[in-house]
Amino acid sequence: MLMNKKILIVDDDPRNIFALKLTLKARGYAVETCTMAQEALDMLKADAQFSVVLMDMMMPGIDGYEAVRIIRNTPEIKDIPIVAVTAQAMPEDRQKCIEVGADDYVSKPIDVDLLIMAIEKLS
């Protein structure tokens, strides 16, 4: 089992959080969630033990792109692996996510096997 892997899900849609959290917990991950980028930044700074962040890129206020930039420019959390999660599925969207600092990219609707592979590769 993957007992030591803790994942932070950042998504403004509670239904996405609910589905992802159930799926990941069923596979043995510890999961924390939040619905806003600022909250995610605060959580990461308070607890550097997250293995991976799943970052929704389209959120109100600070969007995922800006949140990833902030994480990458914050020394104490800059090395946490980030998987961009977005409904924007064009090749240039993937490129944009990688350019701002995401380590990988998964499009919605999420293919759980692809997501698990991304998490395992990074953590």
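**Exercise 1. Establish with which residues A102 is in contact in this predicted model, leaving aside its neighbours within four places in sequence, and decide whether A102 is buried or exposed.**

Solution. Begin with the contacts: once the neighbours within four places in sequence are left aside, A102 is in contact with V68, I82, A84 and C97. Next, place the residue in the fold, where A102 belongs to the loop between helix 4 and strand 5. Its relative accessible area is 5%, and the cut-off for a buried residue is under 20%, so A102 is buried. As a last step, take D113, which is 11 residues away from A102 in sequence, and note that the C-alpha atoms of A102 and D113 are 19 Å apart in space.

**Exercise 2. Describe the largest nonpolar core: how many residues does it have, and which element gives the most to it?**

Solution. The largest nonpolar core has 25 residues, and L8, V10, L44, V53, M55 and M57 are those with the most contacts inside it. Two or more residues of this core come from each of strand 1 (6-10), helix 2 (37-46), strand 3 (52-56), helix 3 (64-72), strand 4 (82-86) and helix 4 (91-100). Helix 2 gives the most, with 5 residues. To see the surroundings of one core member, consider V10, which, apart from neighbours within four places in sequence, is in contact with C34, M36, A37, A40, V53, L54, M55, D56 and M59. There is also a second, separate core of 16 residues, and among its members are L24, V31, V85 and A118.

**Exercise 3. Characterise the site of D56, starting from its UniProt annotation and ending with its polar contact to the backbone.**

Solution. The UniProt record, an unreviewed entry, lists D56 under "modified residue: 4-aspartylphosphate". In the model, D56 is in strand 3, and its relative accessible area of 2% means that D56 is buried. Not counting residues up to four places away in sequence, D56 touches V10, D11, D12, G64, V85 and K108. Finally, a polar atom of the D56 side chain lies 3.4 Å from the backbone nitrogen of M58. The same unreviewed UniProt entry also gives "domain: Response regulatory" for residues 6-123; the end C-alpha atoms of that span lie 9 Å apart, and the span is 45% helix and 20% strand.

**Exercise 4. Determine where D13 is placed and with which side chain the side chain of D13 makes a polar contact.**

Solution. D13 is located in the loop between strand 1 and helix 1 (14-26). Because its relative accessible area is 18%, D13 counts as buried, the limit being under 20%. The side chain of D13 makes a polar contact, at 2.8 Å, with the side chain of R15.

**Exercise 5. Find which residues a cis peptide bond joins, and where P109 is found.**

Solution. Most peptide bonds are trans. Here, a cis peptide bond joins K108 and P109, with omega at about -5°. P109 is found in the loop between strand 5 (104-107) and helix 5 (112-122).

**Exercise 6. Survey the aromatic rings: how many aromatic pairs does the structure hold, and over which ring does the charged end of K6 sit?**

Solution. A search for aromatic pairs returns 0 for this structure. Turning to charges over rings, the charged end of K6 sits over the ring of F50, at 4.8 Å from its centre. K96 lies over the face of Y65, 4.3 Å from the ring centre.

Conventions:
Residues numbered from 1 in each chain as written. Predicted model: local features only at pLDDT ≥ 70, side-chain atom pairs only at ≥ 80, totals over all residues. Heavy atoms only, no water. Phe/Tyr/Trp six-rings, centres within 6.5 Å; stacked < 30°, edge-to-face > 60°. Lys NZ or Arg CZ within 6 Å of the ring centre and 35° of its normal. Core = buried A, V, L, I, M, F, W, Y, C linked by side-chain atoms within 4.5 Å. Buried < 20%, exposed > 50% of the residue type's maximum accessible area, 1.4 Å probe, protein only. Helix = DSSP H or I, 4+ residues; strand = E, 2+ residues; numbered from the N terminus. Contact = heavy atoms within 4.5 Å. Polar contact = N/O pair within 3.5 Å; in protein donor to acceptor, adjacent residues only side chain to side chain. UniProt positions renumbered as here; feature names shortened; annotations may be inferred.
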